[in-house]
There are 2 protein chains.
Amino acid sequence: MAVTDEAIEKIKGMIVSGALRPGDRLPKESELAADLGLSRNSLREAVRALSLIRILDVRQGDGTYVTSLDPQLLLEALSFVVDFHRDDTVLEFLAVRRILEPAATAMAALRISEQQLDALTARLDKLGESPSVEDLVAGDLEFHRGIVHSSGNSVLCSLLDGLSGPTTRARVWRGLTQEDAVAGTLREHRAILAALRDRDAEAARSWATVHIASVEQWLRSTL
Amino acid sequence: MAVTDEAIEKIKGMIVSGALRPGDRLPKESELAADLGLSRNSLREAVRALSLIRILDVRQGDGTYVTSLDPQLLLEALSFVVDFHRDDTVLEFLAVRRILEPAATAMAALRISEQQLDALTARLDKLGESPSVEDLVAGDLEFHRGIVHSSGNSVLCSLLDGLSGPTTRARVWRGLTQEDAVAGTLREHRAILAALRDRDAEAARSWATVHIASVEQWLRSTL
DNA sequence: GCGCCTCAAAACCTCCGACGTATCAGGTCA
DNA sequence: TGACCTGATACGTCGGAGGTTTTGAGGCGC
């Protein structure tokens, strides 16, 4: 194994074992390199790799720190990876989202606050009846993000966030090519919101399923 | 933005745009560095970072290649990230798995082959009635992996694989501290397998839920 | 005393050049 | 024909030299 890979493993070990805790500052590059027995150049490769996936946070002029290691932060790297997937696997991502999103929406029905419900309503009202495709997609993303956030599970929240990238792209295509999709999306959003207000978890789950299945169906017929 | 980060973005762009396709070989470090307008050292940091998350595959003495970019491969990096999570977020991971695994098991009920069913049965038989905790946990992992693989969705499969890490650890603790957990796990495995043989998706889903919920419940009462 | 400015130390950022090591292709020899 | 050797190629590692950014201490004026 290359010395850089060893360094990655050792730093990982220091964090997992608790020797380094979230927010802790690492020794400066030259010292850490000496401690781990490699050159500063090679160590930098290890640090850079860990910083790409949000394990470390390097600040020029200051130092290198362990991030908070929140699920939200770490799974943020997921979206980076998801970007690389080709369009032919979008359906698989969508299928997973079809499983998670209804479940998250049902969970939210039991926990969402009146305040958040009002905020979601305001957001939908602001969009109006016939928004541009860009506004609709952006609003859709925010709408679902808000609901999933109310599920109370940050891992679930981040995971769906990461998986939404490809779905969003698909939604754009759909909006551009299928006129009645806009109206349908708005109607489904209203229905989901109404179910949440009623605290009706099963209705919320069903509407969320319908919402995603409609995109999936369109996509399947197109590809 | 630092030159290394620019290089990461540019390489990502070359892949996403299709200029570099899976399996393609990159120009040698010195040439690529010159093309992108940075030093070989800085470029190496970018390449190392992309190689950690399985976007690039570097082979000493040969060259640097774009990986297959399969969902399976890219989400493999997920387990690396998940390793960093502290024990206090295990419940959130488990909750997500509780959503995905029953769905995957239900999907598998409709698709799994007789051959795979026989293989799963043989695996359970081989374990016997009172295996060691280590064997049980390893068998459990393989059992679920086999089922999820039969769901036919590689994204779902990889995702669950990555999420199983923390769950597995929890299962070990449970096996070590709760004697009847072993018998319960074996019983539930048999029940899931029977439901799969019957092609009964709903029964398979329910048993999978019970299976995970039992771990979740124990964990919740312990923490 | 309080706030602002200046400056020097600390730490990361980038680059260069050199040498070590692994792989592969082609030639050599039995 | 097949095994072995050898050179070219490309990645791996290192040490050192400046450059840039951040931070905080110290000094200055109000």
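A phosphate oxygen of DNA strand D sits 2.9 Å from a polar backbone atom of A:Ser39, a polar contact in the sense of N or O atoms within 3.5 Å. This is a predicted model, so local features need pLDDT of at least 70 and side-chain atom pairs pLDDT 80 or more, while totals for chains, interfaces and linings use all residues. Side-chain values use heavy atoms, with hydrogens and water left out.

Two side chains also reach phosphate oxygens of strand D: B:Lys28 with a polar atom at 3.0 Å, and A:Ser42 with an N or O atom at 3.2 Å. Of the 24 residues around the strand (a heavy atom within 4 Å), A:Val3, A:Ser39, A:Asn41, B:Arg40 and B:Arg44 come nearest. Sugar or phosphate accounts for 66% of the strand D atoms within 4 Å of the protein, and bases make up the rest. The surface near strand D splits into 4 nonpolar, 11 polar and 9 charged residues.

As for the two protein chains, 45 residues of chain B touch 45 of chain A, contact being heavy atoms within 4.5 Å. About 4100 Å² is buried between them, 73% of it from carbon and sulfur atoms; this is the accessible area (1.4 Å probe) lost on putting the two parts together, summed over both. B:Glu45, B:Arg48 and B:Phe84 supply 18% of what chain B buries against chain A, more than any other three residues.

The count of salt bridges between the chains is 8 (a Lys or Arg side-chain nitrogen within 4 Å of an Asp or Glu carboxyl oxygen). One of them pairs A:Glu45 with B:Arg48, with the closest N and O atoms 3.2 Å apart.

Definitions and conventions. Residues numbered from 1 in each chain as written. Chains lettered and ligands numbered in written order. Polar contact = N/O pair within 3.5 Å; in protein donor to acceptor, adjacent residues only side chain to side chain. Nonpolar A, V, L, I, M, F, W, Y, C, P; charged D, E, K, R; others polar.
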